[in-house]
Amino acid sequence: MNAPDATYFRKGFGLKQNVEATLSADYSGQIVDLLRARDYLLTVGDVTVRLAREFGFCYGVERAVEYAYQTRHKFPGRRVVLVGEIIHNPHVNQRLQEMGIEILMPGPGGFDYAGIGSEDVVILPAFGVTITDFQTLREKGCVVVDTTCGSVLNVWKRVEVYARDGYTSLIHGKYYHEETRATASQVEKFPGGTYLVVRNMDEAHDVTEYLAGRGDRAAFLAKYGRAASAHFDPDVHLQRIGVANQTTMLARESLAIGEEVGRAMAVAKGEDYRKANFRTFDTICSATQDRQDAVNALLESPPDVMLVIGGYNSSNTLSLAALCAEKVRTYHVEDALCIDPARGAILARDPLSGEQVETLGWLGSGPVNVGLTAGASTPNNKIGDAIARVFATRGIDPAHVR
Ligand code: SF4
């Protein structure tokens with residue numbers, strides 16, 4: 001039997017009990033606990049807040065953050081470096097920095113590991129890293145603590161199988177997102193492995209148009225140069241397609257993209273060809289799906305306004321905000337501080353334009369019903385802060401809410 005690798009860890013250090021109290025102090029939230037205890041509904045004065053039944057920290061984020069705390073505990077005297085943000089929440093990343101964990105941010109050419117030595121401890125984030133980054137770090141001989149979420153690893157397996165079998169991985173995602181960059185890189189494990197990333201149905205239509213023979217090769221390459229393998233050629237690499245997705249996209253759109261591309265291949269080349277040369281697999285993670293389902297359930301009785309809390313670079317939060325905006329007036333705030341009770345103002349990202357817009361009097365007057373959800377990287381205490389500011393906007397003392 002091989003000796004266990006003393007420099008690579010991905011299953012925790014068995015120190016849960018040592019970090020539990022700190023984690024709870026840093027991220028749990030009294031107001032959220034209260035809402036849960038009251039069946040996700042809280043009314044004070046003429047303000048009612050309804051919380052979606054699935055919201056906030058997902059299992060992958062909880063695990064990654066806890067693992068980072070365990071790492072600090074396990075290696076108290078060592079330099080600990082995190083590759084990029086552990087999750088897309090500034091408070092969590094800042095807290096890790098306060099604990100002495102350095103965050104290595106990427107430059108235009110990616111991460112620069114020149115300053116990492118064999119004595120260092122390096123944490124990989126929940127999104128994972130590219131295979132090149134992984135290999136570079138392993139060659140350094142440093143301790144690697146890998147917090148890549150199991151649901152992300154499942155997508156990697158899918159993409160690997162596509163590459164092994166000669167299919168181009170068509171990934172519904174954002175080509176610049178850490179998770180998608182890591183996922184796309186998995187095709188490189190096989191010679192000739194190829195990927196193409198499409199962000200939405202509009203971009204998927206470029207693929208279906210190409211399959212229908214109406215594409216322009218040069219224009220396609222110009223548009224997708226940064227979103228595809230370096231050797232990608234639409235004339236060659238759209239013959240066999242396997243669809244996968246970034247785990248945090250809008251599930252409904254991912255499924256529709258898979259169906260549209262499969263249908264276009266069948267129309268262009270026949271059903272038998274499609275059966276032999278097209279695969280699709282829903283790789284949205286269950287936490288993302290649960291949060292989107294919970295928002296849809298909440299919207300069945302639409303509130304007056306929806307408040308969505310989470311980073312502007314958090315993919316799953318953007319998906320939640322997009323879902324809400326289809327049905328009700330929606331304010332996506334990065335943080336409780338975006339709500340200014342004194343001025344009755346909110347500074348929020350418009351889910352359609354992506355612009356940040358300040359709105360005065362956003363709660364109106366009279367009884368108001370506020371729906372609320374939060375992305376997978378938003379801790380409960382930050383959700384509670386936002387709820388307190390909603391009540392404070394109507395002059396209700398947060399202490400009274402608690
Ligand atoms: S959103 Fe899904 S894939 Fe991402 S960390 Fe959470 S559980 Fe894992």
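**Close-up 1. Helix α3 gives the largest share of the shell around the ligand, with three residues.** Welcome to the ligand site of this predicted model. Besides α3 (59-74), the elements that contribute two or more residues to the shell are α6 (150-164) and α13. The ligand has 15 residues around it, and those that come nearest are C58, G60, C149, S151 and C285. Sorted by class, the shell holds nine nonpolar and six polar residues, with no charged ones.

**Close-up 2. Helix α13 (residues 286-299) packs with helix α14 (residues 315-325) at an angle of about 20°.** Here the two axes are 10 Å apart. With that angle, which is under 35 degrees, α13 counts as roughly parallel to α14. The crossing of this pair is right-handed. On the α13 side, look for T288, R291, Q292, V295, N296 and L299, which make the contact with N316, S319, L320, L323 and C324 of α14. Five nonpolar, five polar and one charged residues make up this contact.

**Close-up 3. Helix α2 (residues 30-37) and helix α15 (residues 380-393) cross at roughly 85°.** In this last view, the helix axes come within 7 Å. An angle from 65 to 115 degrees counts as roughly perpendicular, so α2 is placed in that class relative to α15. Q30, I31 and V32 of α2 can be found in contact with N380, I383, G384, I387 and A388 of α15. The residues of this contact comprise five nonpolar and three polar ones, and no charged residue takes part.

How values were computed. Residues numbered from 1 in each chain as written. Predicted model: local features only at pLDDT ≥ 70, side-chain atom pairs only at ≥ 80, totals over all residues. Axes fitted to C-alpha atoms, helices over the stretch in contact; angles between N-to-C directions. Helix = DSSP H or I, 4+ residues; strand = E, 2+ residues; numbered from the N terminus. Parallel < 35°, antiparallel > 145°, perpendicular 65-115°, else oblique. Left-handed = near helix turned anticlockwise from the far one by under 90°. Contact = placed C-beta atoms within 7 Å. Nonpolar A, V, L, I, M, F, W, Y, C, P; charged D, E, K, R; others polar. Near = placed C-beta within 6 Å.
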